[in-house]
Amino acid sequence: VQLQASGGGLVQAGESLRLSCTASVTSFAINAMGWYRQAPGKQRELVATVTSAGSTNYADSVKGRFTISRHNAKNTLNLQMDSLKPEDTAVYYCNAGSYSGTDYRPNFWGQGTQVTVSS
């Protein structure tokens, strides 16, 4: 599975960005998809996931501000990011994986896309 992410950029605090990710195979074949991010000097963290059935999970830090969605027929994954904060600045990575119980396990990674939020 190859994943291509796009949509990053530079915005001011309070503004919005929409990230997109296109998969090389039909999303119907992918159990779950998600977004991670990694800020400078920090570990990569899970931001949000969505299953093939549409069930979503979010990191506490983005709940109420970010919305993850997927369009299985178009092989796309999106992350709508509203009310952005400077602490959201990071490289964002889309991925495809699966759930083992409550644990999301990414198996395939796209290249990162930079999101920078200025104060």
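The predicted model has an average pLDDT of 93 (the predictor's confidence in each residue, from 0 to 100). A score of at least 70 is reached by 97% of the residues. Among the elements, strand β2 (residues 9-12) has the highest mean pLDDT, 98, and strand β10 (residues 103-109) the lowest, 92. Strands are DSSP runs of E, at least two residues, numbered from the N terminus. Residues are numbered from 1 along each chain as its sequence is written. Local features need pLDDT of at least 70, and side-chain atom pairs count only at pLDDT 80 or more.

The largest nonpolar core holds 28 residues. Such a core is a set of buried Ala, Val, Leu, Ile, Met, Phe, Trp, Tyr and Cys residues joined through side-chain atoms within 4.5 Å; buried means under 20% relative accessible area, with a 1.4 Å probe and protein chains only. W35, V47, F66, L77, L79, M81 and Y92 have the most contacts inside this core. Elements giving two or more residues to the core include β4 (32-38), β8 (76-81) and β9 (90-100). M81 touches E15, S16, L17, L19, R65, F66, Y92 and V115 (heavy atoms within 4.5 Å), not counting residues up to four places away in sequence.

S83 lies in the loop between β8 and β9. Phi of S83 is near 50 degrees, a positive value in a residue other than glycine. S83 is partly exposed (between the 20% and 50% limits), with a relative accessible area of 39%.

Technical notes
Heavy atoms only, no water. Helix = DSSP H or I, 4+ residues; strand = E, 2+ residues; numbered from the N terminus.
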